[in-house]
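Student: I have not seen this structure before. Could we go through it by question and answer?

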Amino acid sequence: MVEPGHEHWMRRAFALADRAEREFDEIPVGAVLVGADGHVLGEGWNRNILDHDPTAHAEIVAMREAGRAVGNHRLLGSTLYVTLEPCAMCAMALVHARVARIVYGATDPKTGACGSVFDLVADPRHNHRIEVLGGVLGEEAGRRLTNYFRAKRGRPLV
């Protein structure tokens, strides 16, 4: 059973993903980084197109905001809620930031790096391990992404 708090934060990530799509026509991925005390440290959504930055994934944007907020590049004890399984770039940034837990919605069958295609965060060679919980509101998260791409291609929504 999924903890009620996980659903709460995933819905906040969905709202950020909706904003990415609605306001910036970005791929709708949203991320919320929550501190060990339960307070939001940083939020983000995909900004690749807006910022002309291939590294501006939702997770990276949220970590940058959190780092500025706490005055440290280490985000110890924090949990990242993200609508899509992180890619390799984001997974390794999360390891370097010492994030404690990743909770994601949809699995990414093409570039997922937290257990599906790759499992970078569990590699025993790293000096930090991250707890991973995938599939939180995963069906809804996947449908949102599918519909974004279907709409782009002029296909009916699911």
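**Salt bridges and the sheet**

Tutor: Start with one pair of side chains: R47 and D51 meet in a salt bridge, with N and O 2.9 Å apart. Keep in mind that this is a predicted model.

Student: Are R47 and D51 buried, partly exposed or exposed?

Tutor: Buried means under 20% relative accessible area and exposed means over 50%. R47 has 22% relative accessibility, and D51 has a relative accessible area of 33%. Both values lie between the cut-offs, so R47 and D51 are partly exposed.

Student: Which residue does D53 meet in a salt bridge?

Tutor: The N to O distance in this salt bridge is 3.6 Å. The pair links distant parts of the chain, eleven residues apart, with D53 in the loop between α2 (48-51) and α3 and its partner in helix α3. That partner is partly exposed, at a relative accessible area of 36%. The residue is R64.

Student: Which residues are joined into one network by salt bridges that share partners?

Tutor: The network arises where salt bridges have partners in common. Its members are R11, D18, E140 and R144.

Student: Which residue forms a salt bridge with E43, and how far apart are the closest N and O atoms?

Tutor: E43 sits in strand β2 and its partner in helix α1 (residues 4-24), 31 residues apart, so the pair links distant parts of the chain. E43 is buried at 19% relative accessible area, while the partner is partly exposed at 34%. The partner is R12, and the closest N and O atoms are 2.7 Å apart.

Student: How many salt bridges are there by this rule?

Tutor: The rule asks for a side-chain nitrogen of Lys or Arg within 4 Å of a carboxyl oxygen of Asp or Glu. The pair R47 and D51, at 2.9 Å, is one of those that meet this rule. The count comes to twelve.

Student: What is the order of the strands in the sheet?

Tutor: The sheet is open, has five strands and shows mixed pairing. Its edge strands are β2 and β5 (131-133), each of which pairs on one side only. From one strand to the next, the twist averages 15°. The order is β2-β1-β3-β4-β5.

Student: In which sense do β3 and β4 pair, and over how many bridges?

Tutor: Strand β4 covers residues 101-106. Its residue V103 is the bridge partner of Y81, and its residue R101 is the bridge partner of T79. The chain crosses from β3 through α4 to β4 in a right-handed β-α-β crossover. The pairing is parallel, over five bridges.

Student: Which residue stands opposite R101 in β5?

Tutor: β4 and β5 run parallel and are joined by three bridges. The residue opposite R101 is E131.

Student: Why is β4 described as largely enclosed by the rest of the structure?

Tutor: A residue counts as buried when its relative accessible area is under 20%. β4 has six residues, and its enclosure follows from how many of them are buried: five.

Student: What is the distance between the end C-alpha atoms of α3, and what span is expected?

Tutor: Helix α3 has 13 residues, 58-70. At 1.5 Å a residue, the expected span is 18 Å, and the end C-alpha atoms agree with it. Just after the helix, G71 takes a positive phi of about 70°. The distance between the ends is 18 Å.

Student: What covers the buried residues of α3?

Tutor: The buried residues of α3 include I60, V61 and M63. What covers the buried residues includes β1 (30-34), β2 (40-45), β3 (79-84) and α4 (88-97).

Student: Which elements do the buried residues of α5 pack against?

Tutor: Helix α5 (residues 138-152) lies across β3 and β4, at about 60° to β4. Its 15 residues reach 21 Å from first to last C-alpha, close to the 21 Å expected. Among its buried residues are A141, L145 and Y148. The buried residues of α5 pack against α1, β3 and β4.

Definitions and conventions: Residues numbered from 1 in each chain as written. Predicted model: local features only at pLDDT ≥ 70, side-chain atom pairs only at ≥ 80, totals over all residues. Heavy atoms only, no water. Helix = DSSP H or I, 4+ residues; strand = E, 2+ residues; numbered from the N terminus. Expected span 1.5 Å × (residues − 1). Buried < 20%, exposed > 50% of the residue type's maximum accessible area, 1.4 Å probe, protein only. Contact = heavy atoms within 4.5 Å. Pairing = 2+ DSSP bridges. Axes fitted to C-alpha atoms, helices over the stretch in contact; angles between N-to-C directions. Right-handed = clockwise from strand over helix to strand, strands pointing away.
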